[in-house]
Amino acid sequence: MSEGPIGFSQLARSSAPATEGRSRSMPSTNPVELAPPRDDLAEMAGRPLGEILVASCGLSVSKLGELLDLQAEKGGDRIGELLVAAKATTISDVNLALSVQLQLPLATAIEPTAIPDALVRAVPIAFAKASKVLPLREEDGRVLVACADPLDYAALDDVRRLLGKEVDLCIADGETIVHAINRAYDRATGHAEAAVAELEEESLEAVAQDLEEPADLLDAVDDEAPIIRLVNSLLSQAVKERASDIHIEPFERELLVRFRIDGVLYEIIKPPKRFQASILSRVKIMAGLNIAEKRLPQDGRIRIKIAGKDVDIRVSTIPTSFGERVVMRLLDRSSVLLELTDLGFSERNFQVMHELIERSHGIILVTGPTGSGKTTTLYACLSKINKPDLNILTIEDPVEYQLQGVGQVQVNPKIELTFANGLRSFLRQDPDVIMVGEIRDRETAEIAIQASLTGHLVLSTVHTNDAAGAITRLVDMQVEPFLVASSLIGILAQRLVRVLCADCRAPYTPSDAELAQIGVELKPGERRPDIYRARGCPRCGQTGYQGRSGIYELMTISDEVRQLILKNVDSVTIKRAAMRHGMVSLREDGAHKVLTGLTTIEEVCRVTAEDQRADMLVA
């Protein structure tokens, strides 16, 4: 057991000042930026922590004395923990005081991608997370280790034994260390290309076998079969790169794996064709599917944990000419549900949407193509109005997020639990708000309308290009126009556009022709606005985009629109009337987001091509 902080005398070379001027978007070869102990507090070295906090961050002596008395009375927690719990100081102040007390440098930033893989693999992820320690770099036969508690000598001795080298310490916040651990171990164990290369080197036998999944895929052992490592690394890489889908596609002479990231498919790897059967069998085993059945489509589900995240994966297989094709839809169960304010609504649309969801009855429809974020919007609406005095029920296919206090039902056609049957049963459950995953047929539409007319607020989705098209879609389902007119209160059409990467977006002045693509016309003498184009950097994977935001077309059912519905007119006439009452079209909302630097002209044109033609008819 060490008598003091390990490597105490070797800290001079580890305390170099942080590198200046390094852009966040550029890859770093230095895994940590260090701030040496403050010179102005050097005389406080070795003094009690509370005394240093009084001198360095203005902690009141009376508050310190109060907590010291509490510590003496009850024991247990250290004074720093008590001060943070009582909100008398912050964890950053405590770390600064520890830095002064022990004369250890502070880690101001950790770059997990620059940590050598060998150091990462030497320390098990479970131990690293529990002890909040992370090896950062090796220099002159010693390893620099970030730790949240430099006084946990037992854990630090274990680190030294695991690494087989002497260690120097720097202090970092516990949450920062855990976040860096997830990213570092994700990178070290999650490269699909490395797993494919390994397939070429190792001889494979029948590796499709039912193995119990590890608690965390990143905590993989070295003796797992290469096929298992490949599939695990694909899943890990998909989560790391924010992919929503993984496509495994067999062709005549190759096997292709693609990820859908921010709505766009990217080719990831091409595993050797001879390993196709083993890879597909492994996925099917994980999903609980029949590996012997290759002639019929199958659906299954995988639930795993990757880098501390609970991930649900829906697996779908279909037979093709060259083997089974697999698509895996990833859903991060640990991700936080978006609030209504986070969806990208304009001020006008947010206010109108907020008023609509506060209504006691009526139907609100969200419309758009598959993958346009309709379900996310509905969940945000339910989260906004979810209160103890409301009974909220949902019927979905499938249930994607768990909402506290909301009764959620998943459809099951095998036992005739359809949207229509579930909705009919809901009406006997005394609901205030009902969410129906999708209105697909006349029966579901009519039950939803009857529910809204009898005092329930109903939220649902339909598949149409714009808001006005949802009305004609209901009429096409043989729903009477007078029922549609009397029940509908609002329709929201939406698309998702990719958001420009803040680190590498490039400003430029667009031409008149480019502005005309999004319906922006300049007045004579008016200066062209500066907007941004995508460029690409390591942070965004060279795509130029990171994340997505919505563009919206929100129609309220005014008296004029209601009269037009009763007359069974076409959607263009309805849209023209709605725009006279203040509705902003999808393309106009997209143009606003282009002018504010959120996205690009190309993105808006990509997702609103159909709507541009409709806007021309309206004009």
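Among contacts in the protein between residues at least 6 apart in sequence, 67% join residues at least 24 apart; contact here means heavy atoms within 4.5 Å. This is a predicted model, so to speak of local features takes a pLDDT of at least 70, side-chain atom pairs count only at pLDDT 80 or more, and totals for chains, interfaces and linings use all residues. Residues are numbered from 1 along each chain as its sequence is written, and side-chain values use heavy atoms, with hydrogens and water left out.

**The whole chain**

Start with a cartoon view. You have 23 helices and 20 strands on screen. Both are DSSP runs numbered from the N terminus: H or I over at least four residues for helices, E over at least two for strands. Of the 619 residues, 49% count as buried, meaning under 20% relative accessible area with a 1.4 Å probe and protein chains only.

**Stop 1: helix α7**

Select 153–163, which is helix α7. Show side chains for Ala155, Leu156, Asp157, Val159 and Leu163: these are the buried residues of α7. What sits over them? The cover includes two helices, α5 (117–122) and α6 (125–131), plus the strands β3 (133–139), β4 (142–147) and β5 (166–171). Glycine 164 follows α7, and its phi is positive, near 70°.

**Stop 2: the six-stranded sheet**

Now colour β6 to β11. These six strands make an open, antiparallel sheet in the order β8-β7-β6-β11-β10-β9; two strands pair if DSSP finds at least two bridges between them. Which strands stand at the edges? They are β8 and β9, each with a single partner strand, so one side of each has no neighbour in the sheet. Ignoring direction, neighbouring strands here are turned by 25° against each other on average. Angles are taken between N-to-C directions and run from 0 to 180 degrees, with axes fitted to C-alpha atoms (for helices, over the stretch in contact).

Zoom in on β9 (298–306) and β10 (309–320), an antiparallel pair joined by nine bridges. Pick isoleucine 306 and you'll find its bridge partner in β10, lysine 309. Next door, β10 pairs with β11 (323–332) over 10 bridges, again in the antiparallel sense, and the two form a hairpin with two residues between them. Two bridge pairs to label are arginine 314 with arginine 329 and isoleucine 318 with arginine 325.

Add helix α11 (276–286) to the view. α11 lies across β6 (243–250), β7 (255–261), β9, β10 and β11, and runs at about 45° to β11.

For a look at the β8 edge, select valine 264, which belongs to β8 (264–269). Leaving out residues up to four places away in sequence, valine 264 touches Phe259, Arg498 and Arg606. Try a distance label too: the C-alpha atoms of valine 264 and alanine 243 are 9.4 Å apart, with their positions 21 residues apart along the chain.

**Stop 3: the seven-stranded sheet**

Switch to the other open sheet, with the order β14-β13-β15-β16-β12-β17-β20 and mixed pairing. Its edges are β14 (407–410) and β20 (545–556); each has a single partner strand, so one side of each is left without a neighbour. From one strand to the next, the twist averages 20°.

Select β12 (362–367) and β17 (488–500): they run parallel and five bridges join them. Leucine 365 stands opposite isoleucine 491 in β17. Then bring up helix α15 (442–453), which lies across β12, β15 (433–436) and β16 (457–462) at about 135° to β12.

**Stop 4: threonine 600**

Centre on threonine 600, in the loop between α21 (586–595) and α22 (601–607). Is threonine 600 buried or exposed? Buried, with a relative accessible area of 1%. Its side chain makes a polar contact of 2.9 Å with that of tyrosine 545. A polar contact is a pair of N or O atoms within 3.5 Å; within protein, one must be able to donate a hydrogen and the other to accept it, and residues adjacent in sequence count only through side-chain atoms on both sides. A polar side-chain atom of threonine 600 also lies 3.2 Å from the backbone nitrogen of glutamate 603. Beyond its neighbours within four places in sequence, threonine 600 is in contact with Leu500, Tyr532, Arg533, Ala534, Tyr545 and Val594.

**Stop 5: a cavity**

Finish with a cavity: a set of points on a 1 Å grid over the protein atoms alone where a 1.4 Å probe fits but cannot get out, with lining residues having an atom within 4 Å of a point. The structure holds two cavities of 30 Å³ or more. Select Arg348, Leu554, Met555, Thr556, Ala578, His581 and Met583 to see the lining of the second largest. Its volume is about 40 Å³, that is, the space filled by probe spheres set on the points, which are joined across faces, edges and corners. The largest share of this lining, three residues, comes from β20.

Methods: Buried means under 20% relative accessible area, exposed over 50%, partly exposed in between (1.4 Å probe, protein chains only). On a 1 Å grid over the protein atoms alone, a cavity is a set of points where a 1.4 Å probe fits but cannot get out, and a pocket is an open set with protein on both sides within 12 Å along at least five of seven lines; lining residues have an atom within 4 Å of a point.
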